[in-house]
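This report takes up the fold, the charged pairs, one helix packing and the backbone of a single protein chain. Please look at the sequence and the model before reading on.

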Amino acid sequence: MMRQMPYKTKQFFFVLIKLSIVVGAFYFIYQKLTNNSSLSFSEFIKFSQKSDVFSLKNTFFLLVLSCFNWFFEILKWQTLISSVKKLSFKNALEQSLGSLTASLFTPNRIGEYGAKAMYFLGNSRKKVLLVNLLHNSLQMLVTTVIGVAGFLVFSSNFGLQINYFKLILTLVIIVGSVILISFSIKNKKLKIKGFSFYKLKTFFLKFPKQNLFLGGFYSLVRYAVFSFQFYFLLQLFHVNIGYSQAMVIISTMYLLSSIIPSIFIFDVLIKGSIAVYLFSYAHVNELTVLSIVCLMWIFNFVIPSILGSFYVITFKFPEHDT
């Protein structure tokens, strides 16, 4: 029988893992900024400085918008997870930023699920995974609803050719799949990765409706904040475009970016390519669009993940509920 690892050795490996996560996140950020084949980092800096993006006033306002973005993200997590455990805003902030850092270099930030679950005791972790799924689904719902409306207006305004037969066929397949799954849920023995479909259905149906409503509201406010931040950057780069027209393109961009699956290596490249393609209809040059996409990533992911590295380093496994 294998001997148990000494306590000090366990602690050493635990610290090593935490440091590896932080170093990995920082290295990922460095690689994204300096080895971007679509946008030279030096060219990006020069172009941004020329447009006065990094002036004290503009930088401060962009940081304020990012703070609001993450404030409502943290508030949403605090609200939804309260069905499992009541958290202070400080604890919700720690979990949100810490999980961002830990998941930054994972495909589609899938590591966030495991990272948030680690903050809770073992018997609560399955529920935490489901709450996090709901947490992300609410944001996706807002992005989809607004994005579909934006896409329809975009296709109408810019004469985009749509194959309505394929579109209707896709919708039929999606609706059919949902109906099929709903019938499957009646089978209590049917499971996926240890989760019974029946228990999943019960969990979501019994989830506090007030919390769901608040979560959806916070998702909507977040969307309004970061989409306005994108528009504000367009103005800083002297793009002559109205707010309504910009929002049509921005909402379409976020819709397409969110439904196209991508691994982390190509994530920024794919989102940048979608943005360049869509804004070309409004005659916005490629360098401007790529610079804005990069700035949005820096303000809403890089800076928060740098702050989150502190919570990764200071993370301790929960010993009991407080």
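## Loops with positive phi

His283 is found in the loop between helix H11 (264-279) and H12, and in this predicted model its phi is near 60 degrees, a positive value in a residue other than glycine. Most residues other than glycine have a negative phi. His283 counts as exposed, at 75% relative accessibility.

A second residue of this kind is Asp52, whose phi is near 65 degrees, again a positive value in a residue other than glycine. Asp52 has its place in the loop between H2 and H3, and at 44% relative accessibility Asp52 counts as partly exposed.

## Overall architecture

The protein has 12 helices and 2 strands, which follow one another along the sequence in the pattern α-α-α-α-α-α-α-β-β-α-α-α-α-α. Of its 322 residues, 43% count as buried. Among the contacts in the protein with a separation of 6 or more, 74% are accounted for by residues 24 or more positions apart.

Helix H4 (residues 89-103) allows a check of helical geometry: at 1.5 Å a residue, its 15 residues should span 21 Å, and this agrees with its end C-alpha atoms, which are 21 Å apart. The buried residues of H4 are Ala92 and the run made up of Gln95, Ser96, Leu97, Gly98, Ser99, Leu100, Thr101, Ala102 and Ser103.

## Packing of H2 against H12

Two packed helices are described by the angle between their axes and the distance between the axes. For helix H2 (residues 41-50) and helix H12 (residues 286-313), the angle is about 95 degrees and the axes are 10 Å apart; H2 and H12 are therefore roughly perpendicular to each other. On the H2 side the contact is made by Glu43, Phe44, Phe47 and Ser48, and on the H12 side by Leu287, Thr288, Ser291, Cys294, Leu295 and Ile298. Taken by character, the residues of this contact divide into 6 nonpolar, 3 polar and 1 charged.

Thr288 of helix H12 is one of these contact residues. Is Thr288 buried or exposed? With a relative accessible area of 2%, Thr288 is buried. When its neighbours within four places in sequence are left aside, Thr288 is in contact with Phe47, Phe237 and Val239, and of these partners Phe47 belongs to the H2 side of the packing described above.

## Salt bridges

Side chains of opposite charge can pair when their charged atoms come close. How many salt bridges does a search of the whole structure find? The search finds 3 salt bridges, and they are set out here with the distance between their N and O atoms.

| Pair | N to O distance |
|---|---|
| Lys76 and Glu73 | 3.7 Å |
| Arg222 and Glu73 | 2.8 Å |
| Glu112 and Lys116 | 3.1 Å |

Glu73, Lys76 and Arg222 are linked in a network of salt bridges. Within this network, Lys76 and Glu73 both lie in helix H3 (residues 56-81), where they are 3 residues apart, about one turn of the helix. The side chains of Arg222 and Glu73 also meet in a salt bridge. Arg222 lies in helix H9 (residues 209-236) and Glu73 in helix H3, so this pair ties together parts that are 149 residues apart in sequence.

As for accessibility, Lys76 and Glu73 are both buried; Glu73 has a relative accessible area of 7%. Arg222 is likewise buried, with a relative accessible area of 12%.

The remaining pair, Glu112 and Lys116, lies in helix H5 (residues 111-117), where the two residues, being 4 residues apart, are separated by about one helical turn. Glu112 is buried, with a relative accessible area of 5%, and Lys116, at 0% relative accessibility, counts as buried too.

Technical notes: Residues are numbered from 1 along each chain as its sequence is written. This is a predicted model: local features need pLDDT of at least 70, side-chain atom pairs count only at pLDDT 80 or more; totals for chains, interfaces and linings use all residues. Side-chain values use heavy atoms; hydrogens and water are left out. Axes are lines fitted to C-alpha atoms, for helices over the stretch in contact, and angles run from 0 to 180 degrees between N-to-C directions. Angles under 35 degrees count as roughly parallel, over 145 as roughly antiparallel, 65 to 115 as roughly perpendicular and the rest as oblique. Contact means heavy atoms within 4.5 Å. Ala, Val, Leu, Ile, Met, Phe, Trp, Tyr, Cys and Pro count as nonpolar, Asp, Glu, Lys and Arg as charged, and the others, Gly among them, as polar. The expected span of a helix is 1.5 Å times one less than its number of residues. Buried means under 20% relative accessible area, exposed over 50%, partly exposed in between (1.4 Å probe, protein chains only). A salt bridge is a side-chain nitrogen of Lys or Arg within 4 Å of a carboxyl oxygen of Asp or Glu.
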